[in-house]
Amino acid sequence: MAIRSRGFTLIELLVVLAIITTLLSIAAPRYTGSVDKAKEAVLKENLATLREAIDKFVGDSGKYPSTLDELVSRRYLRRIPIDPITDSATTWVILPPADPQKGNVFDVKSGATGKSRDGTLYVEW
C-alpha cells in the first residue's frame with residue numbers, strides 16, 4: 001500500500017499562475033486608466049472651486065485677492081485644494097488681471113505638465 005502525499009503538481013501550479021497572469025493583464029490597464037480619469041475629474045472640480053471662490057471674493061470686495069492664501073484667511077476656502085496631477089497645493093499657476101490695481105489673482109490654472117486623456121494640456125484647463 002503506497003502512501004500518496006497531498007499537494008499540487010507543477011502543472012497545476014503553472015496553470016493557476018497562467019490564469020492569474022491573464023486576469024491581471026486585463027485588469028491592470030483598466031485600473032490605471034480609471035485612476036487617471038479620477039485625477040482629471042478632481043482637477044476639474046478643484047479648478048471650479050478655486051474660480052468660484054475668486055468670483056465670490058471679487059463680488060464681496062470689488063477686487064481680486066492678492067494671493068490664494070487670502071481666500072483661506074478670509075474664509076472663502078477652508079484650505080487651498082491640491083492639484084491631483086502634481087499632488088501639491090503650491091503648483092497652481094496664478095494669472096493676474098489686466099489691471100494690476102485690482103489685485104493679483106484673476107484666474108488659476110494647473111501647474112501640471114503633460115496632456116490629459118483627451119489630448120489637451122493641463123495648463124490650458
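# Questions on a predicted model

Reader: Where does Ser88 lie?
Author: The model is a predicted one. In it, Ser88 touches Ile82 and Asp83, once neighbours within four places in sequence are set aside. The place of Ser88 is in the loop between helix 2 and strand 1.

Reader: Is Ser88 buried or exposed?
Author: A residue counts as buried under 20% relative accessible area. Ser88 has 17% relative accessibility, so Ser88 counts as buried.

Reader: Which secondary structure elements does the chain have, and in what order do they run?
Author: The chain has two helices and two strands. Read from the N terminus on, the order is α-α-β-β.

Reader: Is the chain a compact globule or more spread out than one?
Author: The C-alpha atoms fill a box of roughly 95 × 30 × 20 Å along the principal axes. For 125 residues the globule rule gives 14 Å, and the radius of gyration of the chain is 25 Å, well over that value. The chain is therefore more spread out than a compact globule.

Reader: What share of the residues counts as buried?
Author: The accessible surface of the chain is about 9200 Å², and 59% of it belongs to carbon and sulfur atoms. Of the 125 residues, the share that counts as buried is 25%.

Reader: What share of the contacts with a separation of 6 or more comes from residues 24 or more positions apart?
Author: The count takes in contacts in the chain with a separation of 6 or more. Residues 24 or more positions apart make up 46% of them.

Reader: Which element gives the most to the largest nonpolar core?
Author: The largest nonpolar core has 17 residues, and Leu68, Leu71, Trp92 and Val108 have the most contacts inside it. At least two residues of this core come from helix 1 (10-61), and at least two from helix 2. With six residues, the element that gives the most is helix 1.

Reader: Which residues does Val108 contact, leaving aside its neighbours within four places in sequence?
Author: Val108 is among the residues with the most contacts inside the largest nonpolar core. Two of the others named there, Leu68 and Trp92, are also contacts of Val108. The full list for Val108 is Leu47, Leu50, Arg51, Ile54, Leu68, Trp92, Val93 and Trp125.

Reader: Is Ile80 buried or exposed?
Author: Ile80 is placed in the loop between helix 2 (68-73) and strand 1 (93-95). Apart from residues up to four places away in sequence, Ile80 touches Leu68, Asp69, Val72, Ala89 and Trp92. The relative accessible area of Ile80 is 16%, and the cut-off for buried is under 20%. Ile80 is therefore buried.

Reader: How far apart in space are Ile80 and Asn46, C-alpha to C-alpha?
Author: In sequence, Ile80 and Asn46 are 34 residues apart. In space, their C-alpha to C-alpha distance is 9.1 Å.

Reader: How far apart in space are Lys39 and Asp55, C-alpha to C-alpha?
Author: Lys39 is in helix 1 and counts as partly exposed at 31% relative accessibility. Outside its neighbours within four places in sequence, Lys39 contacts Pro84 and Ile85. Lys39 and Asp55 are 16 residues apart in sequence, and in space they are 24 Å apart.

Reader: What kind of aromatic pair do Phe57 and Tyr76 form?
Author: Three aromatic pairs are found in the whole structure. For Phe57 and Tyr76, the rings are 5.4 Å apart centre to centre, with 65 degrees between the planes. Planes over 60 degrees apart count as edge-to-face. The pair of Phe57 and Tyr76 is edge-to-face.

Reader: Which residue of the Phe57 and Tyr76 pair is in helix 1?
Author: The two residues are 19 apart in the chain, and Tyr76 is in the loop between helix 2 and strand 1. Tyr76 is partly exposed, with a relative accessible area of 22%. Phe57 is buried at 0%. The residue in helix 1 is Phe57.

Reader: Why is the pair of Tyr64 and Phe106 edge-to-face?
Author: The ring centres of Tyr64 and Phe106 are 5.3 Å apart. Angles over 60 degrees count as edge-to-face. The pair is edge-to-face because its planes are at 75 degrees.

Reader: The charged end of which residue sits over the ring of Trp125?
Author: The ring of Trp125 has a charged end over it, 5.1 Å from the ring centre. That charged end belongs to Lys44.

Conventions. Residues numbered from 1 in each chain as written. Predicted model: local features only at pLDDT ≥ 70, side-chain atom pairs only at ≥ 80, totals over all residues. Heavy atoms only, no water. Helix = DSSP H or I, 4+ residues; strand = E, 2+ residues; numbered from the N terminus. Buried < 20%, exposed > 50% of the residue type's maximum accessible area, 1.4 Å probe, protein only. Contact = heavy atoms within 4.5 Å. Core = buried A, V, L, I, M, F, W, Y, C linked by side-chain atoms within 4.5 Å. Phe/Tyr/Trp six-rings, centres within 6.5 Å; stacked < 30°, edge-to-face > 60°. Lys NZ or Arg CZ within 6 Å of the ring centre and 35° of its normal. Rg over C-alpha atoms; globule rule 2.2 N^0.38 Å. Areas by Shrake-Rupley, 256 points an atom, 1.4 Å probe, with all protein chains shown as cover.
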